[in-house]
Every structure is written in C-alpha cells, then in structure tokens.
Number of protein chains: 2
Amino acid sequence: MFSQAEENYLKNIYSLHSEVNKSVNTNLLATKMNTKPSSVTDMLKKLAVKDLVDYKKYQGVSLTDKGEIIALKVIRKHRLWEYFLVEKLHYNWEEVHEIAEQLEHIKSESLTNNLDSFLHFPKFDPHGDPIPDKNGRIPINNAICLLDLKVGNLGILNSVKDSSKSFLNYLNKKNIALGDRIKIIDMEEFDNSIHIETRTHHMVLSKDVAKNLYLKHFK
Amino acid sequence: MFSQAEENYLKNIYSLHSEVNKSVNTNLLATKMNTKPSSVTDMLKKLAVKDLVDYKKYQGVSLTDKGEIIALKVIRKHRLWEYFLVEKLHYNWEEVHEIAEQLEHIKSESLTNNLDSFLHFPKFDPHGDPIPDKNGRIPINNAICLLDLKVGNLGILNSVKDSSKSFLNYLNKKNIALGDRIKIIDMEEFDNSIHIETRTHHMVLSKDVAKNLYLKHFK
DNA sequence: ATATGCTTTTAGATATATCTAAATATTTAT
DNA sequence: ATAAATATTTAGATATATCTAAAAGCATAT
Ligand SMILES: [Mn+2]
Ligand SMILES: [Mn+2]
Ligand SMILES: [Mn+2]
Ligand SMILES: [Mn+2]
C-alpha cells in the first residue's frame with residue numbers, strides 16, 4: 001500500500017507534531033529524517049496528493065486523519081517488535097530500536113495483531129513509550145520532562161525520548177533505568193545541568209541528557 | 001548491503017539451480033519471478049559486477065560462492081520466520097509463506113541467530129524444507145517426488161515443493177498433511193495421475209499435485 | 001518599507017528497478 | 001544449410017527516491 005519511505009515520513013511527522021504541537025516545517029523534518037529539505041518538499045507533495053497530509057507551500061505540514069492512522073500503525077508495529085525483541089529474544093533496550101526500524105514496515109495486519117496477542121497486549125515498549133492498540137488508541141502518558149521539574153521534586157523514570165544506542169548506553173553506564181526513583185537536588189541555571197539523587201547514587205546530568213528523561217508520580 | 005530485489009534474485013537462482021542442476025536461463029527465472037526477461041538480464045549484469053553470479057550473455061547464470069552464501073542466509077531467515085509464525089503465533093502452514101517473503105529481508109545477523117535459538121534450532125520449516133544453520137549448512141534431504149515412485153511403494157509425506165496458499169488449501173481440503181503415510185495404488189500412464197491410499201482415504205491426485213509432493217521412508 | 005538572511009521550493013541530475021518494443025543470437029526443423 | 005521459431009539482449013521509457021545548485025518566498029530588524 002505505502003512505501004517504506006512514505007511510512008517513515010508519516011511516522012516522523014506524527015512524532016514531531018506531538019512535540020511541537022503545530023504544523024511541522026520542512027527543515028525540521030529534513031533534519032529529523034537525515035535528508036535534504038528539497039527531498040522533503042518532493043515527498044510532501046506526493047503525500048498530499050494521496051490525502052495523507054495537509055500541505056500548502058511554505059506553510060508546513062500536518063497529518064490528515066488518514067495519515068495519522070497509518071502513522072499510528074507503523075508506531076504500533078515498531079513498539080510491539082521492540083517489546084518482542086526484549087522480552088522474547090532477550091535483547092537490551094539499547095539494541096532494539098534499529099532492528100524495529102526495519103520490522104515496523106512488515107505489512108500484515110494479522111501478523112501485528114497475533115504478535116500483540118502472543119505478547120499479552122503490552123501497554124508500553126522497552127523505552128516507556130505507549131503502544132497504540134489495534135484501533136490506534138494510545139494510553140495518555142502524562143510524564144513530565146526532567147527539565148520542567150523543580151528542585152525537591154521526586155519522580156519515577158517513566159520513559160526516554162531518545163532511543164539511540166549512544167544515549168541508552170550512557171544511561172546504562174550511569175546505572176539509570178526505567179522505574180528508578182529520581183530526586184532533584186539542584187538545578188544549575190547557567191547550563192541547565194541537574195543534580196539528581198537515585199536510590200544508590202548522586203550525579204549531575206547535562207541538559208542534553210535531562211531533556212530526554214521523562215518522569216511520573218513526582219511530588 | 002543488498003537490496004530486496006537482489007536478494008530475491010539470488011534466492012530464486014538458488015532454488016531453480018537445485019531443481020534443474022545446471023545454469024539457470026533467463027526466461028525460466030523471469031517466469032519464476034513474475035517479471036520480464038529484459039528485467040532479468042539487467043539484474044544479472046548488476047549481480048555479475050558484484051561478483052554474486054557467474055553470467056555470460058546467452059549462457060545462463062549460476063551463483064558464485066559469495067552469491068550462494070547470501071542466498072542461503074535469505075532462505076534461512078525465510079524458513080525460521082515461517083517456523084516462528086506457525087509455532088509461536090499459531091498460523092496455519094498455508095498462511096506463512098507470504099509473510100515470510102517480507103521477513104526474510106530483515107537485516108540483522110543477531111536477530112536471525114537469536115530467533116533460531118528462541119525456536120530451539122528447528123531443522124525443518126512448516127513445509128518440510130530444511131533450515132540452513134548459521135554456517136549455511138543444510139541437512140541433506142533425500143525425499144523423492146511422488147511422481148518418481150512406483151505402484152506399491154509406501155512413504156511418509158516429507159515436504160511440499162509449492163508453498164502457495166492455493167496448493168496448501170487444496171491439501172487441507174483433501175486432508176493431506178506432512179507426516180501422513182501414503183501408499184501408491186495405481187499410476188495412470190495417460191495423464192500421470194496417481195491413485196493413492198492414506199490412513200483414512202483413497203484418492204486420485206493429478207500430475208500437477210503429485211509433482212509437488214515429496215516422500216520419505218518408502219519401500 | 002526595504003534590505004538582509006533564513007526557509008522553502010524548483011530545476012535538473014543520479015541511481016534503482018521495472019517495462020515495451022525492437023534487434024540479435026541461438027536452437028530446431030526442414 | 002538455410003529458414004523458422006525461440007530465447008535473450010539492447011534501447012529507450014517510466015516510476016520512485018534521492019541529491020545539488022539556483023531561484024523564490026517569508027520574516028525581521030533597522
Ligand atoms: Mn524505537
Ligand atoms: Mn522506519
Ligand atoms: Mn516459504
Ligand atoms: Mn522475497
């Protein structure tokens with residue numbers, strides 16, 4: 001039905017849209033997808049013709065209902081496969097995103113749903129991201145970015161925004177994992193670095209790390 | 001490393017080669033791959049440049065060692081995924097080939113080997129075809145085509161050559177499955193149809209059916 | 001309100017994988 | 001041995017997805 005390239009555009013438009021909450025612009029999408037703005041423009045025209053995105057020259061792009069349905073299906077497959085890789089094949093959380101980038105494009109509704117059932121309908125992937133159900137519904141996730149908390153707040157690490165090997169290996173090295181209790185000891189105005197306390201350690205995280213950590217149940 | 005198109009050519013050259021036991025010709029490959037002879041010629045040139053096939057104009061094609069290694073990896077993945085789909089996701093044997101056509105192109109050696117281990121290193125796929133191990137070794141399978149047996153011979157259905165939905169649904173309807181005992185009651189010279197007896201039924205199979213059935217342990 | 005710079009689009013090129021139609025080589029039959 | 005039939009390749013076209021370089025639109029700062 002849709003090519004891998006098209007599916008990747010839809011997926012990335014979806015995820016940028018949920019970050020910026022307004023129509024996504026060409027350069028941002030190009031950066032995110034590691035391609036050139038001119039390539040993005042070409043593809044957006046094509047997706048617009050297929051009624052998958054709303055796109056007007058120079059005005060940015062957003063998904064149509066039809067486009068969002070496709071995006072959510074790809075995201076559902078991506079996260080289900082990641083869960084499979086960790087739970088059944090014993091991969092670590094830093095190894096699975098790359099492989100799931102391929103598996104997310106396998107076309108078979110029945111495969112997706114049978115996999116879901118085999119895994120007992122998991123609600124979250126190994127990075128804490130919610131898995132859309134077969135109707136495209138996602139549990140709302142009110143986790144808050146570590147950067148937006150205040151000194152003294154306490155929370156449980158709920159999810160990571162960056163699923164790259166390099167970021168997750170950094171967390172591994174620092175012994176930080178999903179579910180960890182994190183307390184904010186201090187925030188440095190100058191560089192937005194954050195001094196935190198976990199159950200076992202004290203450490204200072206840079207802004208670039210903190211912006212990818214999302215917490216829940218804080219107070 | 002290699003595109004899906006290239007992998008599909010290598011796989012099909014491999015399987016035709018093991019059928020005809022001489023270099024594979026353009027038209028045969030075109031028919032098998034549902035494409036045109038001119039497309040085949042184009043691709044063979046490309047594969048020859050990459051040293052994956054030996055190809056001389058008008059002389060047919062065969063795999064180089066390098067090409068055979070790739071082909072066996074694709075076949076290994078295809079059959080492991082088929083086994084997974086049947087054993088873990090409870091698909092029927094007629095449903096899995098199509099999905100495996102996609103899964104066979106996922107690129108990750110570790111995924112293939114972890115899947116193999118998760119499945120406890122199966123030796124045969126749901127159609128009775130041998131699964132190459134991680135070194136590309138295949139258990140030799142001396143099953144014999146039903147067409148090549150004689151009246152009075154007795155055997156166990158070992159594998160099917162055609163894994164298409166339509167053929168396997170035909171076998172389902174006739175209540176024929178791998179492992180069934182089959183005895184040859186009569187062979188009709190005129191149209192090569194074969195009268196067989198299973199544990200429960202008598203039936204007549206056409207030549208087109210019989211040529212896709214392979215038996216073992218006959219006498 | 002206009003010039004400057006940033007963003008976006010267009011024009012034209014490249015690479016892959018296909019196709020149809022025409023040309024050429026090989027095989028087979030007379 | 002030649003002609004006819006068949007198989008294969010070439011030439012030229014199409015579709016997708018990308019790129020670079022140049023042109024055009026938009027935002028904003030003086
Ligand atoms: Mn991921
Ligand atoms: Mn992808
Ligand atoms: Mn198969
Ligand atoms: Mn394939």
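**Entry 1: getting started**

I began by settling a term: a polar contact is a pair of N or O atoms within 3.5 Å. With that in hand I looked up B:Y58, where a backbone N or O atom lies 2.8 Å from a phosphate oxygen of DNA strand D. I also noted for myself that this is a predicted model.

**Entry 2: DNA strand D**

Next I asked which residues come nearest to DNA strand D. Out of 21 residues around this strand, I found A:S3, A:T35, A:S39, A:K46 and B:Y55 to be the nearest. I then checked which part of the strand faces them: 74% of the strand D atoms that come within 4 Å of the protein belong to sugar and phosphate.

I picked out two side chains here. In B:K45, a side-chain N or O atom is 2.5 Å from a phosphate oxygen of strand D. A:S38 reaches a base instead, with a side-chain N or O atom 3.0 Å from a base oxygen of strand D. Both chains take part in this surface: α1 (4–20) and α3 (37–49) of chain A, and α2 (26–32) and α3 (37–49) of chain B, each give two or more residues. The largest share, 5 residues, comes from α3(A). Sorted by class, I have 7 nonpolar, 9 polar and 5 charged residues near strand D.

**Entry 3: DNA strand C**

I turned to the other strand and made the matching list. Around DNA strand C there are 21 residues, and A:Y55, B:S3, B:T35, B:S39 and B:K46 come nearest. Sugar and phosphate make up 73% of the strand C atoms within 4 Å of the protein.

How far is the polar side-chain atom of A:Y55 from a phosphate oxygen of DNA strand C? I read 2.3 Å. For B:S39, a side-chain N or O atom is 2.4 Å from a phosphate oxygen of this strand, and for A:T41 a polar side-chain atom is 2.7 Å from one. On this surface α2 (26–32) and α3 of chain A, with α1 and α3 of chain B, each supply at least two residues. Here α3(B) gives the most, 5 residues. The classes near strand C are 7 nonpolar, 9 polar and 5 charged.

**Entry 4: two manganese ions**

Which protein atoms hold the manganese ion listed as ligand 3? I found B:H78 (NE2), B:E82 (OE) and B:H97 (ND1), lying 2.1 Å from the ion. Along the chain their spacing is H-x3-E-x14-H. B:H78 sits in helix α4 (residues 65–87) of chain B and B:H97 in helix α5 (residues 96–103), so the pair ties together parts 19 residues apart in sequence. Are these two histidines buried or exposed? B:H78 is buried at 7% relative accessible area, whereas B:H97 is partly exposed at 27%.

For the manganese ion listed as ligand 4, I noted B:N8 (OD1), B:E104 (OE) and B:H105 (NE2), at 2.0 to 2.5 Å. The spacing reads N-x95-E-H. B:N8 is in helix α1 (residues 4–20) of chain B and B:H105 in the loop between α5 and α6 (109–118), 97 residues apart. B:H105 counts as buried, at 4% relative accessibility.

**Entry 5: empty space**

Last, I looked for cavities and counted 1 of 30 Å³ or more. The largest cavity holds about 40 Å³ of space. Its lining is A:K77, A:L80, A:W81, A:I106, A:L111, A:T112 and A:L115. Here α4 (65–87) and α6 (109–118) of chain A give two or more residues. By class, I noted 5 nonpolar, 1 polar and 1 charged in this lining.

Methods:
Residues are numbered from 1 along each chain as its sequence is written. Chains are lettered from A and ligands numbered from 1 in the order in which they are written. This is a predicted model: local features need pLDDT of at least 70, side-chain atom pairs count only at pLDDT 80 or more; totals for chains, interfaces and linings use all residues. Side-chain values use heavy atoms; hydrogens and water are left out. A residue is near a molecule or strand if one of its heavy atoms lies within 4 Å of it. A polar contact is a pair of N or O atoms within 3.5 Å; within protein, one must be able to donate a hydrogen and the other to accept it, and residues adjacent in sequence count only if both atoms are side-chain atoms. Helices (H or I, at least four residues) and strands (E, at least two) are DSSP runs, numbered from the N terminus. Ala, Val, Leu, Ile, Met, Phe, Trp, Tyr, Cys and Pro count as nonpolar, Asp, Glu, Lys and Arg as charged, and the others, Gly among them, as polar. Donors are N, O and S atoms within 2.8 Å of the metal (3.2 Å for Na, K and Ca); water is not among the atoms, so sites may look incomplete. Buried means under 20% relative accessible area, exposed over 50%, partly exposed in between (1.4 Å probe, protein chains only). On a 1 Å grid over the protein atoms alone, a cavity is a set of points where a 1.4 Å probe fits but cannot get out, and a pocket is an open set with protein on both sides within 12 Å along at least five of seven lines; lining residues have an atom within 4 Å of a point. Grid points are joined across faces, edges and corners, and a volume is the space filled by probe spheres set on the points.
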